[in-house]
Amino acid sequence: MYPHERSLVEKHKDAPFAIVGVNSDSDREKLKPTLEKEKITWRSFWNGEKGTSGPISKSWNIKGWPTLYVIDAKGVIRYKSVGAN
């Protein structure tokens with residue numbers, strides 16, 4: 001998904017738009033080189049050592065990966081997609 005996310009960042013660079021990621025890799029140190037290699041310029045939160053069972057996915061009740069949300073400027077969820085389409 002990284003290429004698509006990079007294209008969205010570029011396409012909407014002059015708009016009020018942001019991507020926020022949650023990474024489920026269990027080893028934070030191994031994650032850093034991947035973020036650099038893939039040129040992840042947007043904020044990417046680490047979901048903790050439990051990976052997909054970490055605190056972010058638990059609090060958002062995530063059941064599948066990837067899960068994508070579109071959230072408007074008022075914080076209203078406008079769209080949700082679960083799993084690879």
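Start with the whole chain in cartoon view: three helices and four strands make up its secondary structure. The model is a predicted one. Followed from the N terminus, the elements come in the order α-β-α-β-α-β-β.

**Whole chain**

Keep everything selected for the overall dimensions. Along the principal axes, the C-alpha atoms occupy a box of roughly 35 × 30 × 25 Å. Switch on the surface: about 6,700 Å² of the chain is exposed, and 54% of that comes from carbon and sulfur atoms. Of the 85 residues, 21% are buried. For contacts between residues at least 6 apart in sequence, 26% link residues at least 24 apart.

Next, colour the charged side chains. There are 15 positive and 10 negative ones, and the centres of these two sets are 6 Å apart.

**Strands E1 and E2**

Select residues 20–23, strand E1, together with residues 43–46, strand E2. The two strands run parallel and are joined by four bridges. Which residue of E2 stands opposite Asn23? Show side chains at that end of the selection and the residue facing Asn23 is Trp46.

Now add residues 28–37, which are helix H2. With H2 in view, E1, the helix and E2 can be traced as a β-α-β unit, and its hand is right-handed.

**The loop after H2**

Move on to Lys39, which sits in the loop between H2 and E2. Is Lys39 buried or exposed? Its relative accessibility is 58%, and Lys39 is classed as exposed because that value is over the 50% cut-off.

From Lys39, pick Lys63 as a second point and draw a distance between the C-alpha atoms. The two residues are 24 positions apart along the chain, and their C-alpha atoms are separated by 27 Å.

**Strands E3 and E4**

Finish with residues 67–71, strand E3, and residues 77–82, strand E4. These two strands pair in the antiparallel sense, with five bridges between them. Select Ile71 and look across to E4: its bridge partner there is Ile77.

E3 and E4 form a hairpin, and five residues lie between the two strands. Which residue in the turn has a positive phi? Click on Gly75, where phi is about 85 degrees.

To review the pairings, display both pairs of strands at once: E1 with E2 is parallel, while E3 with E4 is antiparallel.

Definitions and conventions
Residues are numbered from 1 along each chain as its sequence is written. This is a predicted model: local features need pLDDT of at least 70, side-chain atom pairs count only at pLDDT 80 or more; totals for chains, interfaces and linings use all residues. Side-chain values use heavy atoms; hydrogens and water are left out. Two strands pair if DSSP finds at least two bridges between them. A crossover is right-handed if, with the strands pointing away from the viewer, the path from the first strand over the helix to the second runs clockwise. Buried means under 20% relative accessible area, exposed over 50%, partly exposed in between (1.4 Å probe, protein chains only). Contact means heavy atoms within 4.5 Å. Accessible areas come from the Shrake-Rupley method with a 1.4 Å probe; for residues, only the protein chains shown count as cover. Lys and Arg count as positive and Asp and Glu as negative; His and the chain ends are not counted. The place of a charge is taken as NZ of Lys, CZ of Arg, CG of Asp or CD of Glu.
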